[in-house]
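User: I have a structure to look at and don't know my way around yet. Can you walk me through the inside and the surface?

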Amino acid sequence: MKAIRVHQFGEPSVLRHEDAPEPQPGPGQVVVRASAVGVNPVEVYIRSGAYGQRTFPFIPGTEAAGVVETVGTGVTRVKVGDRVYVAGSVSGTYAQLVLSDQNQVHPLPQHVSFEQGAAMGVAYATAWRAIFQRGQAKPGETVLVHGASGGVGTAAVQIARAAGLVVFGTGGTEEGRKLVAEQGAHHVLDHKNPDYLKQLMDLTGGQGVNLILEMLANVNLGKDLEVLSRNGRVVVIGSRGTVEINPRNTMARDADIRGMALFNATEADYQTIHAALVAGLENRTYRPIIGRRFPLADAPKAHEAIMAPGSHGKIVLVP
């Protein structure tokens, strides 16, 4: 099979499109023929060597969607020929064939495309965990999705709106803000406007928001703390550096700053998340937005694109 393999840490050019052995399922394992593969910033950090050691060569990626090719003994959740999405992988997902444990494979409704399925394992799972498991959101609360036009952001807007929250979303371009509005945000703000947080406070009657989902904490966290309500929470989903904050802004509000990494979820957390996501796909509440598509061989270009500002929707690779 063809796959993207990394033989050494480095720039996007270390992503090599080459032949690799086909994975074989062991007990409780499933091989999926991938029709689409999700691309995420975490894979950039892993490729560059920022996230610990790896055994070379390795295939990056943790999410994909396609059709079950083969199953190992004891597999009961899926069968050969089923349409599925993959949320976690034993072998890596930047490949034509993906090996996963059966509990990492979930049904993909017929009306959902494989490219949309490739957005579920990271972007939608991250958004759902951030809103409910870490953010402890309740219907009727207000939420600011800071950077709402990307893969996680569009997912968060859809999920929060469906759960009965009042949703504020930001985008840095007119196209991005239009996309955020289309996903159901009640209010859309331009985070390049120097007065956008004042606009937010005006829209909340000076109360601030109950929850902020923060995609770029090194830029925004200090300002986030000034627009939280009493007992408000900031969930840090992404950061690309350090930031200085005034702790008094947390004291004045009894506010919380909560980190979030999807890999910290327990097995029970994952089962809750994906039960909710599959239901959302089935009833068409969740509608993943695909921003850009790249052939598998162009994974280096996809890694450059995922780190560029102004992303709109999910980036996927097509094997």
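Analyst: We can go through the cores, some strands and helices, and a surface patch. Keep in mind that this is a predicted model.

User: Which residues touch the most other members in the largest nonpolar core?

Analyst: Tyr85, Tyr124, Val143, Val145, Leu213 and Leu277 do, in a core of 39 residues. At least two core residues each come from β5 (83-87), α3 (120-134), β8 (142-146), α4 (151-162), β11 (209-214) and α9 (267-282).

User: And where does the largest share come from?

Analyst: From α3, with eight residues. There is also another core apart from this one, with 37 residues, including Ala64, Val84, Val98 and Leu296.

User: Back to Val145. What is it in contact with, leaving aside neighbours within four places in sequence?

Analyst: With that restriction, Val145 contacts Gly153, Ala156, Val157, Val167, Phe168, Gly169, Thr170, Leu213 and Met215.

User: Thr142 next. Which strand has it, and is it buried or exposed?

Analyst: Thr142 sits in β8. Its relative accessibility is 15%, and buried means under 20%, so Thr142 counts as buried. Setting aside neighbours within four places in sequence, Thr142 has contacts with Val166, Phe168, Gly208, Val209, Asn210 and Leu211.

User: What about helix α7, which residues there are buried?

Analyst: In α7 (residues 217-224), the buried ones are Ala217, Asn220, Leu221, Gly222 and Asp224. They pack against β8, α6 (196-203), β11, β12, α8 and β13 (256-259).

User: Now the start of the chain. How many residues of β1 are buried?

Analyst: Four of the five residues in β1 (residues 2-6) are buried, so to put it plainly, the strand is mostly covered.

User: How does β1 run relative to β2, parallel or antiparallel?

Analyst: Antiparallel, with five bridges joining β1 to β2 (residues 15-19). Within this pair, Arg5 of β1 is opposite Arg16 of β2.

User: Switching to the outside. Which residues form the nonpolar patch on the surface?

Analyst: Val243, Ile245 and Ile257. Together they have about 190 Å² of accessible area.

User: Where is Val243, and why does it count as partly exposed?

Analyst: Val243 is in the loop between β12 (228-236) and α8 (248-251). Its relative accessibility is 36%, so Val243 counts as partly exposed. That class lies between the 20% limit for buried and the 50% limit for exposed.

User: Is there a general rule on where nonpolar side chains tend to be, and what is it?

Analyst: In soluble globular proteins, nonpolar side chains tend to be buried together.

How values were computed: Residues numbered from 1 in each chain as written. Predicted model: local features only at pLDDT ≥ 70, side-chain atom pairs only at ≥ 80, totals over all residues. Heavy atoms only, no water. Buried < 20%, exposed > 50% of the residue type's maximum accessible area, 1.4 Å probe, protein only. Pairing = 2+ DSSP bridges. Core = buried A, V, L, I, M, F, W, Y, C linked by side-chain atoms within 4.5 Å. Contact = heavy atoms within 4.5 Å. Patch = residues over 30% accessible without salt bridge, like charges linked within 9 Å, V, L, I, M, F, W, Y side chains within 5 Å. Areas by Shrake-Rupley, 256 points an atom, 1.4 Å probe, with all protein chains shown as cover. Salt bridge = Lys/Arg side-chain N within 4 Å of Asp/Glu carboxyl O.
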